[in-house]
Amino acid sequence: MAAATPSRGMEIDKMSIEQLRGLKEQADMESNLFQDSLNNIRTATVRLDLASTALHDLSLRPRGKKMLVPLTASLYVAGTLDDAEKVLVDVGTGYFIEKTMAEGKDYCERKINLLKSNYDQLLEV
């Protein structure tokens, strides 16, 4: 049996215990969903901030500089910086696009601004 909500015309003080429990469960699920969404946005924003900082640091390194190159989150290999003006940007689902350093930084900033806007919209809800 679906629980009636106050917005459907039933007053909360006239609801049965079962209906109130259903309403509480629904509110808890929605609250958890919003909290998960906020956490995901925060995590993505932190990652993009780190990527933007890494791009800035990379642009300051001279050509031929030895460095560790990340292959995964926990696996790095030794490498040498060949060209700091071109970067590969992960645009999702396994696709990468080659961009200039400035375009890469701009991409990160635009994504950060979009995530912050989404975060603010979720907070309003």
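Helices (H or I, at least four residues) and strands (E, at least two) are DSSP runs, numbered from the N terminus. Keep that in mind as you click around, since element names such as H1 and S1 will guide the tour. This is a predicted model, in which local features need pLDDT of at least 70 and side-chain atom pairs count only at pLDDT 80 or more, while totals for chains, interfaces and linings use all residues. Residues are numbered from 1 along each chain as its sequence is written, and side-chain values use heavy atoms, with hydrogens and water left out.

**Stop 1: along helix H1**

Select Leu 60, which lies in helix H1. Now add Gly 22 and draw a C-alpha to C-alpha distance: the two are 38 residues apart in sequence and 58 Å apart in space. Is Leu 60 buried or exposed? Leu 60 is exposed, with a relative accessible area of 60%. For such labels, buried means under 20% relative accessible area, exposed over 50%, and partly exposed in between (1.4 Å probe, protein chains only).

**Stop 2: the largest pocket**

Next, select Ala 51, Ala 54, Leu 55, Pro 70 and Leu 88; among the 35 residues lining the largest pocket, these lie nearest its centre. Helix H1 (17–60), S1, S2, strand S3 (86–92) and helix H2 (101–124) are the elements that give two or more residues to this lining. Colour H1 on its own and you have the largest share of the lining, ten residues.

The largest pocket holds about 1,400 Å³ of space. A pocket is found on a 1 Å grid over the protein atoms alone, as an open set of points where a 1.4 Å probe fits, with protein on both sides within 12 Å along at least five of seven lines; lining residues have an atom within 4 Å of a point. Grid points are joined across faces, edges and corners, and the volume is the space filled by probe spheres set on the points.

What kinds of residue line the largest pocket? They divide into 23 nonpolar, five polar and seven charged. Here Ala, Val, Leu, Ile, Met, Phe, Trp, Tyr, Cys and Pro count as nonpolar, Asp, Glu, Lys and Arg as charged, and the others, Gly among them, as polar.

**Stop 3: three salt bridges**

Show side chains as sticks and look for the three salt bridges that the structure holds. Each is a side-chain nitrogen of Lys or Arg within 4 Å of a carboxyl oxygen of Asp or Glu.

- Lys 24 and Asp 28 meet through their side chains at 2.6 Å, N to O. They are four residues apart in helix H1, so about one helical turn separates them. Lys 24 is exposed at 52% relative accessible area, and Asp 28 is partly exposed at 34%.
- Asp 106 and Arg 110 pair at 3.0 Å, N to O. Because they are four residues apart in helix H2, they too are separated by about one helical turn. Asp 106 counts as partly exposed at 41% relative accessibility, as does Arg 110 at 45%.
- Asp 82 and Arg 63 form a salt bridge at 3.6 Å, N to O. This pair links distant parts of the chain, 19 residues apart: Asp 82 is in the loop between S2 and S3, and Arg 63 in the loop between H1 and S1. Asp 82 is exposed at 54% relative accessibility, and Arg 63 is exposed at 65%.

**Stop 4: a nonpolar surface patch**

Switch to a surface view and select Val 69, Leu 71, Leu 75 and Val 77, a nonpolar patch with about 310 Å² of accessible area together. Such patches are made of residues with over 30% relative accessible area and no salt bridge: nonpolar side chains (Val, Leu, Ile, Met, Phe, Trp, Tyr) are joined within 5 Å, and like charges within 9 Å. The areas come from the Shrake-Rupley method with a 1.4 Å probe, and for residues only the protein chains shown count as cover. Leu 75 sits in the loop between strand S1 (66–70) and strand S2 (76–80), and is partly exposed at 44% relative accessible area.

**Stop 5: a backbone detail and two contacts**

Centre on Thr 93, in the loop between S3 and strand S4 (95–100). Its phi is near 45 degrees, a positive value in a residue other than glycine. Most residues other than glycine have a negative phi. Thr 93 counts as exposed at 77% relative accessibility.

Move on to Thr 100 in strand S4: its C-alpha and that of Val 87, 13 residues apart along the chain, are separated by 6.1 Å. Finish with Lys 111 in helix H2, whose C-alpha is 9.8 Å from that of Asp 49, though their positions lie 62 residues apart along the chain.
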